[in-house]
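Welcome! Here is a short briefing to help you find your way around a structure you have not met before.

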Amino acid sequence: MLVRLKLYRNHDFVIKEFVVPTESGQTLLDVLFYIKEEYDPTISFRSMCRAGICGTCGVKANQKPILACKTAIKDLGEEVLVEPLDNMQPVKDLVVEHGTLIDRIKKLKVWYEPLQENLQKLEMSPFLLKSFDCISCGLCDSSCPIFVGNSDFGGPMAFSRAYKLLQDRRHSKVEERLLLLKDAHISLCTHCKNCSLICPMDVMPEMLIKLEETELLKRGMLSQDGTTDFGFF
């Protein structure tokens with residue numbers, strides 16, 4: 001198999017090619033480790049759990065954001081181009097800066113602030129479960145077209161993680177968090193569904209964003225007439 005790596009080095013991108021033997025059951029992450037161990041030990045990429053849980057090993061393979069540890073090499077064909085994720089600052093080779101993802105979570109305050117009397121039982125729903133399933137891999141943010149023109153957008157990852165707070169009666173700051181969603185320009189979402197198609201955990205971020213927008217509309221926090229000119233025409 002021909003593996004082409006688009007690596008960020010010395011403030012520029014370079015392409016390196018490797019012919020790699022493959023076998024049944026291998027993942028793209030296995031191939032990256034093979035290249036590092038057999039050809040070039042200087043190549044950098046992120047990995048941790050190797051089980052599709054930590055979300056660390058995100059890269060682009062043949063233009064699609066994926067988790068390297070969950071992607072079977074047989075599904076990529078005879079040739080693959082591996083690149084760093086989009087919408088994040090590259091650091092070295094296939095490694096990108098994850099600090100922007102953490103900053104977006106902090107901006108939306110995606111954490112619980114419980115009521116003083118916290119005796120209520122959480123009622124789970126299918127969409128609420130999806131919000132809990134997010135592993136913060138950032139693949140959805142890397143596929144979002146809004147970041148091309150607006151870096152202040154909250155992003156599908158942070159919006160998805162925020163949904164569980166809005167539906168939990170044990171949380172004391174629902175209204176405050178809704179205002180933060182509005183301030184993070186949630187209405188800029190074009191509902192292109194890139195994030196939902198890319199998500200390795202089937203979280204469906206676009207649907208959660210739609211539900212959050214509906215809640216904002218119901219509470220009069222968002223104008224239904226608001227439109228955004230993206231300059232397409």
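The points below begin with the whole protein and then move to its sheet, two of its helices and a few single residues.

This is a predicted model. The protein has eight helices and seven strands, and buried residues make up 46% of its 233 residues. Five of the strands form an open sheet, and helix α1 packs on that sheet.

**The protein as a whole**

- Taken along the principal axes, the C-alpha atoms fill a box of roughly 60 × 45 × 30 Å.
- Among contacts between residues at least 6 apart in sequence, 63% join residues at least 24 apart.

**The five-stranded sheet**

- If you walk across the sheet, you meet the strands in the order β2-β1-β5-β3-β4, and their pairing is mixed.
- The edges belong to β2 and β4, each of which has a single partner strand, so one side of each is left without a neighbour in the sheet.
- From one strand to the next, the twist averages 30°.
- As general background, strands of a sheet pair through backbone hydrogen bonds, and the pairing can be parallel or antiparallel.

**Which strand pairs with which**

- β1 and β2 run antiparallel and are joined by eight bridges.
- β1 also pairs with β5, this time in the parallel sense, over four bridges.
- Arg4 is a handy residue for following both pairings: its bridge partner in β2 is Glu17, and its bridge partner in β5 is Leu81.
- β3 and β4 pair in the antiparallel sense over four bridges, and here Val59 has Ile66 in β4 as its bridge partner.

**Helix α1, packed on the sheet**

- α1 touches β1, β2, β3, β4 and β5, and its direction makes about 70° with that of β1.
- Which residues of α1, a helix spanning residues 28–38, are buried? They are Leu28, Leu29, Val31, Leu32 and Ile35.
- Seen down the axis of α1, these buried residues fall within an arc of 160°, so they line one face of the helix.
- What covers the buried residues of α1 includes β1 (2–9), β2 (12–19), β3 (58–61), β4 (64–67) and β5 (79–83).
- On the face of α1 turned away from the buried side you will find the exposed residues Glu37 and Glu38.

**Helix α6, packed against other helices**

- Helix α6 covers residues 174–183, and its buried residues are Val174, Arg177, Leu178, Leu180 and Leu181.
- Around the axis they cover an arc of only 155°, which puts them on the same side of α6.
- What do the buried residues of α6 pack against? Their partners are the helices α2 (99–107), α5 (156–166) and α8 (205–218).
- Just after α6 comes His185, which takes a positive phi of about 60°.

**Glu213, a buried charge**

- Glu213 lies in helix α8, one of the helices that the buried residues of α6 pack against.
- Glu213 is buried yet has no salt bridge.
- How far away is the nearest side chain of opposite charge? That side chain is Lys210, and it is 7.4 Å from Glu213.
- Leaving aside neighbours within four places in sequence, Glu213 is in contact with Ile186, Ser187, His191 and Leu222.

**Asparagines with a positive phi**

- Asn10 sits in the hairpin of β1 and β2, which has two residues between the strands, and takes a positive phi near 55°.
- Asn62 is in the loop between β3 and β4; its phi is near 50°, a positive value in a residue other than glycine.
- Asn62 is partly exposed, with a relative accessible area of 35%.
- Asn87 is found in the loop between β5 and β6 (90–92), and its phi is near 65°, again a positive value in a residue other than glycine.
- Asn87 is partly exposed too, with a relative accessible area of 27%.

**To take away**

- A good place to begin looking is the open sheet of five strands, with α1 packed on it.
- From there, you can turn to α6, whose buried residues pack against α2, α5 and α8.

Definitions and conventions
Residues are numbered from 1 along each chain as its sequence is written. This is a predicted model: local features need pLDDT of at least 70, side-chain atom pairs count only at pLDDT 80 or more; totals for chains, interfaces and linings use all residues. Side-chain values use heavy atoms; hydrogens and water are left out. Buried means under 20% relative accessible area, exposed over 50%, partly exposed in between (1.4 Å probe, protein chains only). The arc is that of the directions from the helix axis to the C-beta atoms. Contact means heavy atoms within 4.5 Å. Lys and Arg count as positive and Asp and Glu as negative; His and the chain ends are not counted. A salt bridge is a side-chain nitrogen of Lys or Arg within 4 Å of a carboxyl oxygen of Asp or Glu. Two strands pair if DSSP finds at least two bridges between them. Axes are lines fitted to C-alpha atoms, for helices over the stretch in contact, and angles run from 0 to 180 degrees between N-to-C directions.
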